[in-house]
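Reader: I am new to this structure and should like to understand the terms used to describe it. Would you explain the reasoning behind each one?

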Amino acid sequence: MDICTIGTGYVGLVTGTCFAEMGHNVWCVDIDEEKIKKLCNGVIPIYEPGLEEMVKRNKEEGRLRFTTSLSEAMENSLFLFIAVGTPPKEDGSADLTHVIGVAREIGKILIIIK
Ligand SMILES: NC(=O)c1ccc[n+]([C@@H]2O[C@H](COP(=O)([O-])OP(=O)(O)OC[C@H]3O[C@@H](n4cnc5c(N)ncnc54)[C@H](O)[C@@H]3O)[C@@H](O)[C@H]2O)c1
(Lines give C-alpha, C1' and ligand atoms only; values in the text may rest on other atoms or scores of the structure.)
Protein backbone atom coordinates (compact mmCIF):
# COMPACT_ATOMS: atom_id res chain seq x y z
CA MET A 1 0.00 0.00 0.00
CA ASP A 2 1.18 3.57 -0.68
CA ILE A 3 1.10 5.75 2.42
CA CYS A 4 2.07 9.31 3.32
CA THR A 5 2.77 10.67 6.79
CA ILE A 6 2.73 14.47 7.08
CA GLY A 7 5.03 15.73 9.84
CA THR A 8 8.19 13.75 10.56
CA GLY A 9 8.35 14.36 14.30
CA TYR A 10 8.10 11.69 16.98
CA VAL A 11 4.79 10.37 15.71
CA GLY A 12 5.09 10.78 11.94
CA LEU A 13 8.65 9.46 11.57
CA VAL A 14 8.10 6.44 13.80
CA THR A 15 4.70 5.63 12.25
CA GLY A 16 5.98 6.02 8.69
CA THR A 17 9.04 3.91 9.38
CA CYS A 18 6.95 1.15 10.97
CA PHE A 19 4.60 1.13 7.97
CA ALA A 20 7.64 0.75 5.70
CA GLU A 21 8.98 -2.03 7.91
CA MET A 22 5.64 -3.81 7.38
CA GLY A 23 6.28 -3.65 3.62
CA HIS A 24 4.31 -0.55 2.64
CA ASN A 25 5.67 2.23 0.44
CA VAL A 26 5.88 5.38 2.54
CA TRP A 27 6.45 9.05 1.83
CA CYS A 28 7.34 11.13 4.90
CA VAL A 29 6.66 14.85 4.41
CA ASP A 30 7.81 17.82 6.47
CA ILE A 31 8.03 21.58 5.93
CA ASP A 32 11.36 21.64 7.78
CA GLU A 33 13.84 21.50 4.89
CA GLU A 34 16.82 20.94 7.17
CA LYS A 35 15.15 17.96 8.83
CA ILE A 36 14.26 16.40 5.47
CA LYS A 37 17.78 16.96 4.17
CA LYS A 38 19.19 15.21 7.25
CA LEU A 39 16.74 12.31 6.95
CA CYS A 40 17.64 11.89 3.27
CA ASN A 41 21.27 11.62 4.41
CA GLY A 42 20.44 9.06 7.09
CA VAL A 43 20.61 11.46 10.06
CA ILE A 44 17.75 10.74 12.47
CA PRO A 45 16.65 13.81 14.49
CA ILE A 46 15.15 11.85 17.40
CA TYR A 47 16.13 8.81 19.44
CA GLU A 48 13.99 5.73 19.55
CA PRO A 49 15.59 2.32 20.08
CA GLY A 50 16.15 0.62 16.70
CA LEU A 51 14.73 3.51 14.69
CA GLU A 52 17.98 4.50 12.96
CA GLU A 53 18.61 1.00 11.61
CA MET A 54 14.98 0.66 10.56
CA VAL A 55 15.01 3.99 8.68
CA LYS A 56 18.30 3.10 6.97
CA ARG A 57 17.14 -0.37 5.91
CA ASN A 58 13.77 0.75 4.55
CA LYS A 59 15.28 3.76 2.78
CA GLU A 60 17.90 1.55 1.12
CA GLU A 61 15.26 -0.97 0.10
CA GLY A 62 13.20 1.82 -1.49
CA ARG A 63 10.13 1.71 0.75
CA LEU A 64 10.81 4.91 2.71
CA ARG A 65 11.20 8.35 1.13
CA PHE A 66 11.51 11.86 2.58
CA THR A 67 10.32 15.04 0.92
CA THR A 68 9.16 18.59 1.56
CA SER A 69 6.75 18.28 -1.38
CA LEU A 70 3.28 17.34 -0.19
CA SER A 71 2.01 17.19 -3.78
CA GLU A 72 4.73 14.74 -4.83
CA ALA A 73 3.90 12.53 -1.86
CA MET A 74 0.15 12.77 -2.47
CA GLU A 75 0.48 11.80 -6.11
CA ASN A 76 2.04 8.55 -4.94
CA SER A 77 -0.11 7.80 -1.88
CA LEU A 78 -3.50 6.29 -1.20
CA PHE A 79 -3.64 7.11 2.52
CA LEU A 80 -2.49 10.30 4.25
CA PHE A 81 -1.79 10.52 7.98
CA ILE A 82 -1.50 14.02 9.47
CA ALA A 83 1.05 13.96 12.31
CA VAL A 84 1.94 17.62 12.79
CA GLY A 85 2.22 19.25 16.20
CA THR A 86 -0.80 20.26 18.30
CA PRO A 87 0.71 22.39 21.09
CA PRO A 88 -1.46 23.19 24.10
CA LYS A 89 -3.26 26.54 24.16
CA GLU A 90 -3.49 28.65 27.33
CA ASP A 91 -6.77 26.97 28.29
CA GLY A 92 -5.18 23.52 27.89
CA SER A 93 -6.99 22.61 24.67
CA ALA A 94 -5.03 21.53 21.58
CA ASP A 95 -4.05 24.15 19.03
CA LEU A 96 -5.17 22.61 15.74
CA THR A 97 -3.80 25.40 13.53
CA HIS A 98 -1.14 23.18 11.91
CA VAL A 99 -3.54 20.27 11.37
CA ILE A 100 -6.12 22.53 9.72
CA GLY A 101 -3.37 24.16 7.63
CA VAL A 102 -2.30 20.76 6.32
CA ALA A 103 -5.92 19.77 5.63
CA ARG A 104 -6.35 22.93 3.55
CA GLU A 105 -3.16 22.17 1.60
CA ILE A 106 -4.40 18.63 0.95
CA GLY A 107 -7.69 20.04 -0.33
CA LYS A 108 -5.93 22.41 -2.74
CA ILE A 109 -3.66 19.66 -4.08
CA LEU A 110 -6.59 17.25 -4.49
CA ILE A 111 -8.30 19.74 -6.80
CA ILE A 112 -5.11 20.06 -8.90
CA ILE A 113 -4.48 16.28 -9.04
CA LYS A 114 -8.09 15.63 -10.17
N1 LIG B 1 5.12 12.65 20.77
C2 LIG B 1 4.29 11.87 21.44
O3 LIG B 1 4.69 11.07 22.29
C4 LIG B 1 2.81 11.87 21.12
C5 LIG B 1 1.98 10.94 21.72
C6 LIG B 1 0.63 10.92 21.42
C7 LIG B 1 0.12 11.86 20.54
N8 LIG B 1 0.92 12.78 19.98
C9 LIG B 1 0.33 13.73 19.03
O10 LIG B 1 0.82 13.48 17.71
C11 LIG B 1 0.91 14.71 16.99
C12 LIG B 1 2.34 14.92 16.50
O13 LIG B 1 3.20 15.01 17.64
P14 LIG B 1 4.79 14.92 17.54
O15 LIG B 1 5.29 14.75 18.92
O16 LIG B 1 5.18 13.93 16.48
O17 LIG B 1 5.13 16.41 17.02
P18 LIG B 1 6.56 17.02 16.64
O19 LIG B 1 6.51 18.45 17.04
O20 LIG B 1 7.67 16.13 17.10
O21 LIG B 1 6.57 16.94 15.03
C22 LIG B 1 5.71 17.67 14.23
C23 LIG B 1 6.36 17.82 12.87
O24 LIG B 1 5.40 18.40 11.99
C25 LIG B 1 6.10 19.26 11.11
N26 LIG B 1 5.14 20.18 10.49
C27 LIG B 1 4.53 21.27 11.03
N28 LIG B 1 3.70 21.84 10.13
C29 LIG B 1 3.78 21.07 9.00
C30 LIG B 1 3.17 21.14 7.71
N31 LIG B 1 2.31 22.10 7.39
N32 LIG B 1 3.48 20.19 6.80
C33 LIG B 1 4.39 19.21 7.09
N34 LIG B 1 5.00 19.10 8.31
C35 LIG B 1 4.70 20.01 9.24
C36 LIG B 1 7.14 19.94 12.00
O37 LIG B 1 8.18 20.49 11.23
C38 LIG B 1 7.60 18.76 12.85
O39 LIG B 1 8.69 18.07 12.27
C40 LIG B 1 0.42 15.81 17.95
O41 LIG B 1 -0.96 15.98 17.76
C42 LIG B 1 0.70 15.18 19.32
O43 LIG B 1 -0.15 15.73 20.32
C44 LIG B 1 2.26 12.81 20.25
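**Terms and their grounds**

Author: Let us begin with a loop residue: at 42% relative accessibility, Leu96 counts as partly exposed. The model is a predicted one. Leu96 belongs to the loop between β4 and α5.

Reader: Why is Leu96 called partly exposed?

Author: Buried means under 20% relative accessible area and exposed means over 50%, with partly exposed in between. The value for Leu96 is 42%, and therefore Leu96 is partly exposed. Leu96 and Val84 are twelve residues apart in sequence, and their C-alpha atoms are 9.2 Å apart in space.

Reader: Is Thr17 called buried or exposed, and what makes it so?

Author: Thr17 has a relative accessible area of 0%, which is under 20%, and so Thr17 is buried. The residue is placed in helix α1. Leaving aside neighbours within four places in sequence, Thr17 is in contact with Leu51, Met54, Val55, Asn58 and Leu64.

Reader: What class does Thr68 fall into by its accessibility?

Author: Thr68 has a relative accessibility of 39%, between 20% and 50%, and therefore counts as partly exposed. Thr68 lies in the loop between β3 (64-67) and α4. Not counting residues up to four places away in sequence, Thr68 touches Val29, Asp30, Glu33 and Ile36. The C-alpha atoms of Thr68 and Arg104 are separated by 16 Å, the two residues being 36 residues apart along the chain.

Reader: Ser77 is found in a loop. Is Ser77 buried or exposed, and how do you know?

Author: Ser77 is in the loop between α4 (70-75) and β4 (79-82). The relative accessible area of Ser77 is 16%, under the limit of 20%, so Ser77 is buried. Ser77 touches Asp2, Ile3, Cys4 and Trp27, when residues up to four places away in sequence are not counted.

Reader: What makes the approach of Ser77 to Ala73 a polar contact?

Author: A polar atom of the Ser77 side chain lies 2.6 Å from the backbone oxygen of Ala73. The cut-off for such a pair is 3.5 Å, and therefore the distance of 2.6 Å meets it. Another such pair is at the start of helix α2 (residues 33-40), where a side-chain oxygen of Asp32 reaches to within 3.1 Å of the backbone nitrogen of Glu34. Just after α2, Gly42 takes a positive phi of about 85°.

Reader: How many salt bridges does the structure hold, and why is the pair of Arg57 and Glu21 called one?

Author: There are four salt bridges in the structure. In the pair of Arg57 and Glu21, the closest N and O atoms are 2.8 Å apart. The limit is 4 Å between a side-chain nitrogen of Lys or Arg and a carboxyl oxygen of Asp or Glu, so the pair qualifies. Side chains of opposite charge can pair when their charged atoms come close.

Reader: Where along the chain do Arg57 and Glu21 lie?

Author: The pair links distant parts of the chain, 36 residues apart: Arg57 is in helix α3 (residues 51-60) and Glu21 in helix α1 (residues 10-21). Arg57 has a relative accessible area of 34% and is partly exposed, and Glu21, at 36%, is partly exposed.

Reader: What other pairs meet in this way?

Author: Among them are Arg63 and Glu61, whose side chains meet in a salt bridge at 2.6 Å, N to O. Arg63 counts as buried because its relative accessibility of 19% is under 20%. Lys108 forms a salt bridge with Glu105, with 3.2 Å between the closest N and O atoms. Both residues lie in helix α5 (residues 97-113), three residues apart, about one turn of the helix. An α-helix has 3.6 residues a turn, so residues three or four places apart point the same way. Glu105, with a relative accessible area of 35%, is partly exposed.

Reader: How many residues surround the ligand, and which are the closest?

Author: The ligand is surrounded by 14 residues, the closest being Tyr10, Val11, Asp30, Lys35 and Thr86. By class, this shell has seven nonpolar, four polar and three charged residues.

Reader: What makes Asp30 and Lys35 polar partners of the ligand?

Author: An N or O atom in the side chain of Asp30 is 2.6 Å from an oxygen atom of the ligand. A polar side-chain atom of Lys35 also lies 2.6 Å from a ligand oxygen. Both distances are within 3.5 Å, and therefore both pairs count as polar contacts. The protein covers 58% of the 840 Å² of accessible area that the ligand has on its own.

Terms used: Residues are numbered from 1 along each chain as its sequence is written. This is a predicted model: local features need pLDDT of at least 70, side-chain atom pairs count only at pLDDT 80 or more; totals for chains, interfaces and linings use all residues. Side-chain values use heavy atoms; hydrogens and water are left out. A residue is near a molecule or strand if one of its heavy atoms lies within 4 Å of it. A polar contact is a pair of N or O atoms within 3.5 Å; within protein, one must be able to donate a hydrogen and the other to accept it, and residues adjacent in sequence count only if both atoms are side-chain atoms. Accessible areas come from the Shrake-Rupley method with a 1.4 Å probe; for residues, only the protein chains shown count as cover. Ala, Val, Leu, Ile, Met, Phe, Trp, Tyr, Cys and Pro count as nonpolar, Asp, Glu, Lys and Arg as charged, and the others, Gly among them, as polar. Helices (H or I, at least four residues) and strands (E, at least two) are DSSP runs, numbered from the N terminus. Buried means under 20% relative accessible area, exposed over 50%, partly exposed in between (1.4 Å probe, protein chains only). Contact means heavy atoms within 4.5 Å.
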